[in-house]
Amino acid sequence: MAASIDYESKIPNNVELSSDKRLQRALEHWLPKYLDWWNEMGPTDFNDKEIYLRTAVSVDSAGWAQFGHVKMPDYRWGIFLAEQEPNKKIGFGDHAGEDAWQQVPGEYRNWLRRMIVTQADTEPASVEQQRLLAHTAPSLYDMRNLFQVNVEEGRHLWAMVYILHTYFGKDGREEAEELLERRSGNPDHPRILGTFNEPIQTWLDFFCFTMFTDRDGKFQLLSLAESGFDPLARTCRFMLTEEAHHMFVGQTGMGRIIQRACELMKEHPDSNPREHGGIDLDTIQRYINFWSSSSNDLFGGEVSSNSANFFGGSLKGRAWEMKKHEDHSALEAFKTLEIWDGSKVVSETVPMRNAMNEVLREEYIEDNQKGVNYWNKIIDEYGIDYELRLPHRRFNRNIGVFAGTRFDIDGNLMTEEHWDERKGDWLPSDEDREYIKSLMVPCHEQGKIAGWIAPPNKGINGNEFDFDYVRL
Ligand SMILES: [Fe+2]
Ligand SMILES: [Fe+2]
């Protein structure tokens with residue numbers, strides 16, 4: 001089936017929007033509200049600048065995007081679903097083998113709506129969290145990457161709003177309105193998930209966020225891409241294509257900060273990189289600890305009846321459910337995991353379906369570890385004896401069985417007093433934050449870069465680092 005994109009209509013799409021006038025009108029009605037939100041909560045001060053951005057032009061894996069200079073408010077936010085597979089069957093859960101649903105099954109309507117709204121809410125939230133960062137961009141290349149992530153998170157909101165409008169009637173339209181009304185970090189009207197209310201004040205936070213928090217997004221999308229509700233699966237599949245770049249930004253951004261730290265350590269062996277305007281590895285480690293533990297929370301409780309319901313209902317699978325797993329019912333399977341019984345860590349065996357959050361978190365942590373290995377290779381290439389790591393999954397948790405109890409970075413139980421003494425070794429202190437903030441001075445000259453980060457090996461889309469990624 002040809003999946004060509006209609007670029008003539010107000011809302012670019014490959015879902016034949018023009019054949020459903022009511023839906024088209026509803027979305028065209030939402031469009032100016034979306035633009036108002038963007039103009040208020042997006043990277044507003046740069047709306048009149050031309051940015052070198054990629055725009056989706058096809059959903060084919062070969063050559064799906066086109067690059068060119070555009071002003072962000074003119075970005076063609078559109079609705080693109082991965083191609084429909086003919087005779088698609090549901091792959092897992094209690095409905096395995098049935099035809100994939102092309103409409104919302106009534107019995108699962110509320111669960112599906114909640115899942116979609118929760119995912120959708122993260123997309124505008126991250127744009128809000130990052131809205132002031134461009135002012136302190138370390139280079140035009142980085143500024144462009146930030147804006148690329150921002151416009152695509154905006155498109156992800158479109159992707160989810162399309163599903164809400166198309167399949168959830170009036171409730172869906174109301175949810176779509178509310179997605180533009182909640183505000184990241186607003187105590188009265190916050191975004192749904194905790195991490196998406198954390199301020200992203202510095203570029204170190206931004207790179208940690210795109211590394212760890214966008215990667216949570218990847219795993220949520222992977223599991224929703226298996227959904228028996230086919231439009232959702234197809235939407236998520238295409239979002240994953242864009243999402244890969246966000247994690248690239250995070251992983252290589254951190255890698256370039258680490259590289260700069262190593263360069264400074266080599267040049268000045270007896271001093272802290274901070275004395276030369278860099279970021280020391282210990283501080284980088286504390287930021288890793290903070291953002292990875294906060295992102296671990298996003299997977300929810302270790303043992304969860306929701307996760308069992310979502311899997312049993314064939315709504316949310318595991319990552320790579322069909323590729324990686326054999327038993328797609330998971331009804332007879334069990335998982336042994338560690339939980340907190342109120343006084344100690346114990347091992348418990350629970351039905352697999354109830355452990356799906358933990359299964360997904362494990363995959364996620366494994367994926368994070370690959371990024372950490374990449375960073376350690378950089379350190380190793382400089383012949384420096386230092387290893388970055390992920391904190392234990394029990395460390396600094398606010399959701400799940402380990403919330404409310406203190407564990408050190410290796411997962412050992414500790415008292416509240418001991419935690420208070422030691423937490424400064426593991427989490428960014430006020431002083432760390434002040435120091436990182438002090439480095440956030442803009443470097444907006446083409447081909448130049450701030451002193452705390454190394455330039456990338458190559459630019460975007462075959463261009464040099466020295467390129468007019470943003471025309472200021
Ligand atoms: Fe996203
Ligand atoms: Fe993302």
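**Figure 1. Strand β1 is mostly covered.** In this predicted model, five of the seven residues of β1 are buried. Strand β1 (residues 50–56) has β2 as an antiparallel partner, and seven bridges hold the pairing. To find one of these bridges, look for T55, whose partner in β2 is Q66. As you trace a strand with your finger, keep a general rule in mind: in a regular strand the side chains alternate between the two faces of the sheet.

**Figure 2. Three strands make an open sheet in the order β2-β1-β7.** The pairing in this sheet is antiparallel. Which strands sit at the edges? They are β2 (65–71) and β7 (470–471), each of which pairs on one side only. Strands β1 and β7 are joined by two bridges, and E50 has R471 as its bridge partner in β7. Helix α3 (residues 140–167) packs on the sheet, where it touches β1 and β7. The direction of α3 makes about 40° with that of β1.

**Figure 3. Strands β3 and β4 form a hairpin.** Here β3 (residues 334–340) and β4 (residues 345–351) run antiparallel, joined by seven bridges. A handy pair to locate is E338 and S347, since S347 in β4 stands opposite E338. Between the two strands of the hairpin there are four residues, and G342 takes a positive phi near 105°.

**Figure 4. Helix α8 has buried residues along one face.** Which residues of α8 (residues 305–312) are buried? They are S307, A308, F310 and F311. Imagine looking down the axis of α8: the buried residues fall within an arc of 165°, so they line one face of the helix. The elements that cover them include α2 (109–129), β4 and α10 (356–381). After α8 comes S314, with a positive phi near 65°.

**Figure 5. The largest nonpolar core has 60 residues.** Within this core, I79, I116, M160 and V161 touch the most other members. Several helices supply at least two residues each, among them α1 (21–41), α4 (169–179), α5 (203–224) and α6 (230–267). Which helix gives the most to this core? That is α3, with eight residues. For a closer look, pick out I116: leaving aside neighbours within four places in sequence, I116 is in contact with M160, I163, L164 and L232. Apart from the largest core lies another one, of 49 residues, which includes A134, F207, I453 and V470.

**Figure 6. Helix α7 is mostly covered.** Of the 16 residues in α7, 15 are buried. How far apart are the end C-alpha atoms of α7 (residues 281–296)? They are 22 Å apart, which agrees with the 22 Å that 16 residues should span at 1.5 Å a residue. One residue to find in α7 is Q285. With 20 C-beta neighbours inside 10 Å, Q285 counts as buried, because 20 or more is the cut-off for that label. From Q285 to V127 the C-alpha atoms are 25 Å apart in space, and the two residues are 158 residues apart in sequence.

**Figure 7. D99 is an exposed residue in a loop.** The loop that holds D99 lies between β2 and α2. Why is D99 called exposed? There are 12 other C-beta atoms within 10 Å of D99, and a residue with 12 or fewer is exposed. If you follow the chain from D99 to I379, the two are 280 residues apart in sequence, and their C-alpha atoms are 51 Å apart in space.

**Figure 8. E16 and W320 both take a positive phi.** Most residues other than glycine have a negative phi. E16, which is not a glycine, has a positive phi of about 50°. You can find E16 in the segment before α1, where E16 counts as exposed, with 9 C-beta neighbours inside 10 Å. W320 is also not a glycine, and its phi is positive, near 50°. Look for W320 in the loop between α8 and α9 (321–324). With 13 other C-beta atoms within 10 Å, W320 is partly exposed.

Methods:
Residues numbered from 1 in each chain as written. Chains lettered and ligands numbered in written order. Predicted model: local features only at pLDDT ≥ 70, side-chain atom pairs only at ≥ 80, totals over all residues. Expected span 1.5 Å × (residues − 1). Pairing = 2+ DSSP bridges. Contact = placed C-beta atoms within 7 Å. Axes fitted to C-alpha atoms, helices over the stretch in contact; angles between N-to-C directions. Arc of directions from axis to C-beta. Core = buried A, V, L, I, M, F, W, Y, C linked by C-beta atoms within 7 Å.
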